[in-house]
Amino acid sequence: MADSNYEQIRFRTEGNVAVLTLHRPERLNAWTYAMNRELVDAIERCNGDAAIGAIVVTGAGRGFCAGADIRDNFQARLDGVEDEPVGDWVGLVRSSKPIVAAVNGPSVGVGATMILPMDVIVASEDAKFAMAFVKMGLTPELASSHFLVQRMGFGRASEMCLSGRLYSGREAFEMGLADRLTTPETLLETALGVATSMAANPGPQVRWIKRLLTENGAETDIAAVQQREIEALHRARASAEHKEAVSAFLEKRAPKFS
């Protein structure tokens, strides 16, 4: 089911998965403040809809997102136009229902940093990735200097950021930036499969686990890690979803999570 309430993205559903498509194909889906507002609205809408269990984000046409629109953003800033507040993108993504990036083409600058905090990155063989900030006399944002190191390791993240060069989808997969590599023809099918497998699980627990991964992924205090896990486990054990899962197992049936 499709929705036409947006101008720079498209919103549709495939079963219990929402598909958000960046839709400025004539500009390789270059990022704008309007696109950001629409993405935030769509994700918040999905998070409030019990019928949606996960989200896929992809791009229209040949590109995923070729970075910030230079004419509408960089030049405007140089001309003295103040930046528009963009909110806490990382906080939104990490507290959201599962989000899978389906990268179909160039994913550059903010087109790369916006997907780093997402749960799974699926790349087409046609995908291209670059942290090209240094080429524009800029530095990375959206906590990408954290997430890129977590995904790729210090040396590979350093090379990618300091060179600003373009990496193929296969290179990105082999270096750990992308979690899966597909043909262009099977990209969306693969991303939907990953998202559907997550959407089938109980929603509260999925988001509690995301929070644990966010808070504990780079935590060096093991006692703090375990304390967060114990607190989450106590909530989970008292939940209706846990009771239903146990009953379903004993009754040899599929669980029914509301």
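**Reasons behind the labels**

Reader: In which helix is Ala-157 found?
Author: Ala-157 belongs to helix H6, which spans residues 154-163. The model is a predicted one.

Reader: Why is Ala-157 called buried?
Author: The relative accessible area of Ala-157 is 5%. Buried means under 20%, so Ala-157 is buried.

Reader: What does Ala-157 touch, not counting residues up to four places away in sequence?
Author: With those residues set aside, Ala-157 touches Leu-148, Val-149 and Met-152. A contact requires heavy atoms within 4.5 Å. Lys-252 is 95 residues from Ala-157 in sequence, and their C-alpha atoms are 47 Å apart in space.

Reader: Why does Lys-252 count as exposed?
Author: Relative accessibility is 79% for Lys-252. Exposed means over 50%, so the label applies to Lys-252. Lys-252 is placed in the segment after H11. Its phi is positive, about 55°, although Lys-252 is not a glycine.

Reader: What is the phi of Leu-142?
Author: Leu-142 has a phi near 55°, which is a positive value in a residue other than glycine. Leu-142 lies in the loop between strand E8 (128-130) and helix H5 (144-152).

Reader: Why is Leu-142 called partly exposed?
Author: Leu-142 has a relative accessible area of 22%. Buried would need a value under 20%, exposed a value over 50%, and partly exposed is in between. Leu-142 is therefore partly exposed.

Reader: What makes Gly-176 count as partly exposed?
Author: The reasoning again starts from a percentage: Gly-176 has 23% relative accessibility. Between 20% and 50% the term is partly exposed, so Gly-176 gets that term. Gly-176 sits in the loop between helix H7 (169-175) and strand E10 (180-182). Neighbours within four places in sequence aside, Gly-176 is in contact with Arg-151 and Met-152. From Gly-176 to His-234 the C-alpha distance is 33 Å, with their positions 58 residues apart in sequence.

Reader: How do you know that Asp-88 counts as exposed?
Author: Asp-88 reaches 55% relative accessibility, and the cut-off for exposed is over 50%. Asp-88 therefore counts as exposed. Its place is the loop between helix H2 (70-78) and helix H3 (89-95). The C-alpha atoms of Asp-88 and Val-40 are 9.6 Å apart, while the two residues are 48 residues apart along the chain.

Reader: Why is Asn-36 called buried?
Author: Asn-36 has a relative accessible area of 6%. The limit for buried is under 20%, so Asn-36 is buried. Asn-36 is in helix H1, residues 33-47. Apart from residues up to four places away in sequence, Asn-36 touches Trp-31, Val-86 and Trp-89.

Reader: What makes the aromatic pair of Trp-31 and Tyr-33 edge-to-face?
Author: By the pairing rule, the count of aromatic pairs is 2. One of them is formed by Trp-31 and Tyr-33, with 5.1 Å centre to centre and 65° between the planes. Rings pair if their centres lie within 6.5 Å, and planes over 60 degrees apart count as edge-to-face. Both values for Trp-31 and Tyr-33 satisfy these limits, so the pair is edge-to-face. Trp-31 and Tyr-33 are both buried.

Reader: How do you know that the charged end of Arg-235 sits over the ring of Trp-208?
Author: The charged end of Arg-235 is 5.1 Å from the centre of the Trp-208 ring. The distance limit is within 6 Å, with a further limit of within 35 degrees of the ring normal. Arg-45 is likewise placed over the face of Phe-11, 4.1 Å from the ring centre.

Reader: Why are H9 and H10 described by their direction to each other in the way they are?
Author: The axes of helix H9 (residues 203-216) and helix H10 (residues 222-237) cross at roughly 175° and come within 10 Å. Angles over 145 degrees count as roughly antiparallel, so H9 and H10 are roughly antiparallel to each other. On the H9 side the contact involves Gln-205, Trp-208, Leu-212, Glu-215 and Asn-216, and on the H10 side Val-225, Arg-228, Glu-229, Ala-232, Arg-235 and Ala-236. By class, this contact has 5 nonpolar, 2 polar and 4 charged residues.

Reader: What makes Glu-244 buried?
Author: Glu-244 has a relative accessible area of 17%. The cut-off is under 20%, so Glu-244 is buried. Glu-244 lies in helix H11, residues 240-250. Beyond its neighbours within four places in sequence, Glu-244 is in contact with Arg-253, Ala-254, Pro-255, Lys-256 and Phe-257.

Methods
Residues are numbered from 1 along each chain as its sequence is written. This is a predicted model: local features need pLDDT of at least 70, side-chain atom pairs count only at pLDDT 80 or more; totals for chains, interfaces and linings use all residues. Side-chain values use heavy atoms; hydrogens and water are left out. Rings of Phe, Tyr and Trp (its six-membered ring) pair if their centres lie within 6.5 Å; planes under 30 degrees apart count as stacked, over 60 as edge-to-face and the rest as tilted. Buried means under 20% relative accessible area, exposed over 50%, partly exposed in between (1.4 Å probe, protein chains only). Axes are lines fitted to C-alpha atoms, for helices over the stretch in contact, and angles run from 0 to 180 degrees between N-to-C directions. Helices (H or I, at least four residues) and strands (E, at least two) are DSSP runs, numbered from the N terminus. Angles under 35 degrees count as roughly parallel, over 145 as roughly antiparallel, 65 to 115 as roughly perpendicular and the rest as oblique. Ala, Val, Leu, Ile, Met, Phe, Trp, Tyr, Cys and Pro count as nonpolar, Asp, Glu, Lys and Arg as charged, and the others, Gly among them, as polar.
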